[in-house]
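Let's take a friendly walk through a protein model, stopping at a few places along the way. Keep the picture beside you as you read.

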Amino acid sequence: MDKHTIDELATYVLQAEREKREIVKITDTLYPNLTIDEAYLVQEELVTRKLAEGLQIVGPKMGITSEAKMKQMNVTDPIYGYVFNNMIVEEGAAVSVEDYIHPKVEPEIGFVLARDLEGPGVTALDVLRATDYVFPALEIIDSRYENFNFTLPDVIADNTSAAGAVFGTYLRRPDELELDVVGVTLSINGEIQALGAGAAVLGNPANSVARLANMLSKKGEKVKAGQPILTGGLTAAVRLEPGDYVQAKYGGLGEVSFFVK
Ligand code: 0L1
Ligand code: MG
């Protein structure tokens, strides 16, 4: 893929994000044969432009980490993108739906590493040994594509729908929990909308961090100590509406919440 096309596709997605409007997915007509590798080139361009604007990467995020989603998209690998500082929502704060296109929320387990992890060959055990703490999180996803309708390359080029993140402050060492059986309920205005457990993320969220390290190693990068890592949704994502009070409660990992106006 030539630089001109990478630039054109990055502009296409970035403008939709800025103008908060839906676009037809890239693979419909703009570039039907977009491959996964090319899509990551578009994502890299998008990241480079955000950094050039003065935004900062807070940490990486993993997506398509459930068996159900992988089957639905006919893939065997999850995907990664980046959370930026302008996406961070303080715990207990309010967001406005007007700042998004058609936002959804999903509960996740976050990791912070005490030391860098560099693939290939990183295992879940390596991750658990390197982990400083885990924490509860809510991710706001907001695909720039009409009706969240995309192929895998489309969503990679769109920075994996990253739009917001609420990091809870209840920190636990990973050996204090069995992460695969940490349960979660996602409630809106006190009514449970979805529930799940850590095992929904590649069998254990530690596997998600290992896969991230191994995927990043293909471009000579590593998972960095100190950065919060979103490991993937524990439940299906739920649409946000004005007036929502969103709360995720975890077994042994506290809770995290925010409001929507
Ligand atoms: O964080 C995620 O799992 C989102 C990945 C992209 C899929 C979506 O937007 O539904
Ligand atoms: Mg997510």
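## A buried valine

Val42 counts as buried because 29 C-beta neighbours lie inside 10 Å, and a residue needs 20 or more to earn that word. Keep in mind that what you see is a predicted model. Val42 is found in helix H2. If you set aside residues up to four places away in sequence, Val42 touches Ile6, Leu9, Ala10 and Ala157.

The chain also brings a distant part of the sequence to this spot. Val42 and Asp154 are 112 residues apart in sequence, yet their C-alpha atoms are 9.7 Å apart in space.

## Two helices that cross

Now widen the view to the helices. Two packed helices are described by the angle between their axes and the distance between the axes. Here, helix H1 (residues 3–19) and helix H2 (residues 36–52) have axes that come within 9 Å and cross at roughly 65°. The crossing of H1 and H2 is right-handed.

Which residues make the contact? From H1 come Ile6, Asp7, Leu9, Ala10, Val13 and Leu14, while H2 brings Leu41, Val42, Glu45, Leu46 and Arg49. Sorted by character, the residues of this contact are 8 nonpolar, 3 charged and no polar.

## Around the ligand

How many residues surround ligand 1? There are 13, and the closest are Gly63, Ile141, Ser143, Thr160 and Ser161. The shell around ligand 1 contains 6 polar, 5 nonpolar and 2 charged residues.

Several strands contribute to this shell. Strand E1 (57–63), strand E6 (131–141) and strand E10 (229–233) each supply at least two of its residues.

## A loop residue with many neighbours

Next, find Val201, in the loop between E9 and helix H6 (205–217). Is Val201 buried or exposed? With 26 C-beta neighbours inside 10 Å, Val201 counts as buried.

Leaving aside neighbours within four places in sequence, Val201 is in contact with Thr65, Ser66, Ser208, Thr231, Gly232 and Leu234. Val201 and Met62 are 139 residues apart along the chain, and their C-alpha atoms are separated by 9.7 Å.

## Unusual backbone spots

Most residues other than glycine have a negative phi, and most peptide bonds are trans. A few places in this model depart from those habits, starting with two asparagines. Asn159 has a positive phi, near 50°, and lies in the loop between helix H5 (152–157) and strand E7 (162–167). Asn189 also has a positive phi, of about 50°, and sits in the loop between strand E8 (183–188) and strand E9 (191–197).

Which of the words buried and exposed fits each asparagine? Asn159 is buried, because 27 other C-beta atoms lie within 10 Å. Asn189 is exposed, because it has 12 other C-beta atoms within 10 Å, and exposed means 12 or fewer.

Where is the cis peptide bond that runs from Gly119 to Pro120? Pro120 is found in the loop between strand E5 (104–113) and helix H4 (124–130). The bond from Gly119 to Pro120 has an omega near 0°.

## Two glycines in between

Some residues are neither buried nor exposed, so the term partly exposed covers the counts in between. Gly183, found in strand E8, is partly exposed because 15 other C-beta atoms lie within 10 Å. Not counting residues up to four places away in sequence, Gly183 touches Leu195, Ala197, Tyr250 and Gly251. Gly183 and Lys219 are 36 residues apart in sequence and 34 Å apart in space, C-alpha to C-alpha.

The other glycine is Gly92, in the loop between strand E3 (88–89) and strand E4 (94–95). With 13 C-beta neighbours inside 10 Å, Gly92 counts as partly exposed too. Beyond its neighbours within four places in sequence, Gly92 is in contact with Ser257 and Phe258. Measuring C-alpha to C-alpha is how we compare Gly92 with Ala213: they are 121 residues apart in sequence and 31 Å apart in space.

## What the record says

An unreviewed UniProt entry annotates residues 74–257 as "domain: Fumarylacetoacetase-like C-terminal". In this model, the end C-alpha atoms of that span lie 33 Å apart, and the span is 14% helix and 36% strand.

Methods. Residues numbered from 1 in each chain as written. Chains lettered and ligands numbered in written order. Predicted model: local features only at pLDDT ≥ 70, side-chain atom pairs only at ≥ 80, totals over all residues. Axes fitted to C-alpha atoms, helices over the stretch in contact; angles between N-to-C directions. Helix = DSSP H or I, 4+ residues; strand = E, 2+ residues; numbered from the N terminus. Left-handed = near helix turned anticlockwise from the far one by under 90°. Contact = placed C-beta atoms within 7 Å. Nonpolar A, V, L, I, M, F, W, Y, C, P; charged D, E, K, R; others polar. Near = placed C-beta within 6 Å. UniProt positions renumbered as here; feature names shortened; annotations may be inferred.
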